[in-house]
Amino acid sequence: MRCLEVHDQMHLDRLLWCDRCRSLAHNRAGWWGWVGGWAFGLGVAAFIWITIRPSDLVIGGWFGTVAMAIWLGAKAGREIAYGVMRFSNHPAADAVPPRLGGEIDPPEAV
Ligand SMILES: [Zn+2]
């Protein structure tokens, strides 16, 4: 049980995550995915910049490549982050109140 809330069995999956916990984890994984994607994209951009040194004429084409790298990195990062969250699966990780020093989730709208 991740949020320590009582849910109907039919709303829980095999890790006892309810719908809200899964969407919460998805959102968080998406955020981490974008962080990873941008880091990856910046790395690719730096790599291109240092090794290839594109001229101003073709930089638009490289921009598309970097944008693709960011998108793919975000996609991969999201899957990895979600997988890690599923794997570690701390009980009551999303229970209220959140742990000290951690991120504070806004109150849930019911
Ligand atoms: Zn839950």
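1. A nonpolar core here is a set of buried Ala, Val, Leu, Ile, Met, Phe, Trp, Tyr and Cys residues joined through side-chain atoms within 4.5 Å. The model under review is predicted.

2. The largest core of this kind has ten residues. Its members are C3, L12, W17, C18, C21, A25, A29, A81, Y82 and M85. Helix 1 (19–51) and helix 2 (59–88) each contribute at least two residues to this core.

3. Which residues does C18 touch, leaving aside those up to four places away in sequence? They are C3, H7, H11 and L12. Of these, C3 and L12 belong to the largest core, as does C18 itself.

4. There is a second core, separate from the largest one. It has five residues, including I48, V66, A69 and I70.

5. On the surface, W34, W38, L42, M68, W71 and L72 form a nonpolar patch. Together they have about 710 Å² of accessible area. Helix 1 and helix 2 are the elements that give two or more residues to the patch.

6. W38 of this patch sits in helix 1. Is W38 buried, partly exposed or exposed? Its relative accessibility is 48%, so W38 counts as partly exposed. The cut-off for exposed is over 50%.

7. For the chain overall, the secondary structure is two helices and zero strands. The chain has 110 residues, and 27% of them count as buried. Accessible surface comes to about 8100 Å², with 70% of it belonging to carbon and sulfur atoms.

8. Contacts between residues at least 6 apart in sequence were also examined. Of these, 66% join residues at least 24 apart.

How values were computed. Residues are numbered from 1 along each chain as its sequence is written. This is a predicted model: local features need pLDDT of at least 70, side-chain atom pairs count only at pLDDT 80 or more; totals for chains, interfaces and linings use all residues. Side-chain values use heavy atoms; hydrogens and water are left out. Buried means under 20% relative accessible area, exposed over 50%, partly exposed in between (1.4 Å probe, protein chains only). Helices (H or I, at least four residues) and strands (E, at least two) are DSSP runs, numbered from the N terminus. Contact means heavy atoms within 4.5 Å. Patches are made of residues with over 30% relative accessible area and no salt bridge: like charges are joined within 9 Å, nonpolar side chains (Val, Leu, Ile, Met, Phe, Trp, Tyr) within 5 Å. Accessible areas come from the Shrake-Rupley method with a 1.4 Å probe; for residues, only the protein chains shown count as cover. A salt bridge is a side-chain nitrogen of Lys or Arg within 4 Å of a carboxyl oxygen of Asp or Glu.
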